[in-house]
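The following report describes a single protein chain, beginning with one loop residue and moving on to the interior and the overall fold.

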Amino acid sequence: MVGTSRFLCLPLRGFVVAFAAVTLLLSPRVRADDVEFFEQKIRPLLVEKCYQCHSAQAKKLKGGLLLDTKRGVLQGGDNGPAIIAGDPDHSRLIEAVRWGNKDLQMPPKERLTPEQVANLATWVKQGAPDPRTGPSAPFVGPAIDYAEARKQWAYHAPADHPVPAVKAAQWCRSPIDHFILAKLEEKGLKPAPPAEKRVLIRRAYFDLIGLPPAPEEVEAFVKDESPEGFAKVVDKLLANPHYGERWGRHWLDVVRYTDSFDARGIGSEGDC
């Protein structure tokens, strides 16, 4: 009986380990800190060191391995999965970047720094959290029609345009509103009704600084009956340091800013 129980426990243990690994891979609950680590340390590294040979934009895909999507990382290439989530020591990607195997050394021309290797190992140990979604699609560069491109407004000197005539001119508060309303009327649309003041100030705060207004700020705006009341709120928000922080972070995320520098103090590709 004891021998039978021991025999049954062995496959059961294997099933438990496999189930835990699959759960780790499929679980949508990923810590925000881990996602931020990926965005700051891993994604820029993959873009700089791996995408040339392992992405949909690569001129020649090496080893059938795509590293520009979450699915590609987990599926792996011709030799199987690139990583085993939670187990960096048995992941081919980590083995390759450590250069311990003379037949598997990536990137092939220049070793990653010890810090970069450690970051990749940490990421895999975390379960390889990856916010990227969607399949990888082959990259096809668009044909550029330069004559057509030169027609775009960005390539023309600024010019005055006459303020268009509109039917509901009473809605307009500035010449800019005439241009907006003209397009709405062209499409058979009507402007949305004016927002109530409590709603309007919350929209302004969230749009410009990403934070809600304090109750006293709302009440002050509600009581301000002057025509410049909302303009004063906007001016105050534009002068708020949080305005720069909110949009500064937005654009740093867009250009994939990282704080990594090489020995010469020059930032890697994607740095600001």
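## A glycine in a loop

In this predicted model, G77 is in contact with G63, G64 and L65 once its neighbours within four places in sequence are left aside. The residue itself sits in the loop between α3 and α4. The C-alpha atoms of G77 and L66 are 7.2 Å apart in space, while 11 residues separate the pair in sequence.

Is G77 buried, partly exposed or exposed? Its relative accessibility is 23%. Since buried means under 20% and exposed means over 50%, G77 therefore counts as partly exposed.

## Overall fold

The protein has 11 helices and 0 strands, and its pattern along the sequence is accordingly written α-α-α-α-α-α-α-α-α-α-α.

Of the 272 residues, 24% count as buried. The exposed area of the protein is about 19800 Å², and carbon and sulfur atoms supply 60% of that area. Among contacts between residues at least 6 apart in sequence, 43% join residues at least 24 apart.

## Nonpolar cores

In soluble globular proteins, nonpolar side chains tend to be buried together. Here the largest nonpolar core has 23 residues, and those with the most contacts inside it are I42, L46, I83, L120 and W123. Two or more residues of this core come from each of α2 (32-49), α4 (92-98) and α5 (114-125). The element that gives the most is α2, with 6 residues. Apart from this core lies another, of 9 residues, including Y205, I209, V218 and V233.

W123, one of the residues with the most contacts inside the largest core, also has partners distant in sequence. Leaving aside its neighbours within four places, W123 is in contact with F37, F38, I42, V73, L93, A128, P129 and D130.

## The cavity

How many cavities of 30 Å³ or more are there? The count comes to 1. The volume of the largest cavity is about 40 Å³.

Its lining consists of K70, V73, L74, I83, W123, A128 and D130. By class, these residues divide into 5 nonpolar, no polar and 2 charged. Helix α3 (residues 70-75) gives the most to the lining, with 3 residues. W123 belongs to this lining and is in contact with V73, A128 and D130, which are likewise lining residues. I83 also appears in both settings: I83 lines the cavity and is among the residues with the most contacts inside the largest nonpolar core.

Key
Residues are numbered from 1 along each chain as its sequence is written. This is a predicted model: local features need pLDDT of at least 70, side-chain atom pairs count only at pLDDT 80 or more; totals for chains, interfaces and linings use all residues. Side-chain values use heavy atoms; hydrogens and water are left out. On a 1 Å grid over the protein atoms alone, a cavity is a set of points where a 1.4 Å probe fits but cannot get out, and a pocket is an open set with protein on both sides within 12 Å along at least five of seven lines; lining residues have an atom within 4 Å of a point. Grid points are joined across faces, edges and corners, and a volume is the space filled by probe spheres set on the points. Helices (H or I, at least four residues) and strands (E, at least two) are DSSP runs, numbered from the N terminus. Ala, Val, Leu, Ile, Met, Phe, Trp, Tyr, Cys and Pro count as nonpolar, Asp, Glu, Lys and Arg as charged, and the others, Gly among them, as polar. Buried means under 20% relative accessible area, exposed over 50%, partly exposed in between (1.4 Å probe, protein chains only). Contact means heavy atoms within 4.5 Å. Accessible areas come from the Shrake-Rupley method with a 1.4 Å probe; for residues, only the protein chains shown count as cover. A nonpolar core is a set of buried Ala, Val, Leu, Ile, Met, Phe, Trp, Tyr and Cys residues joined through side-chain atoms within 4.5 Å.
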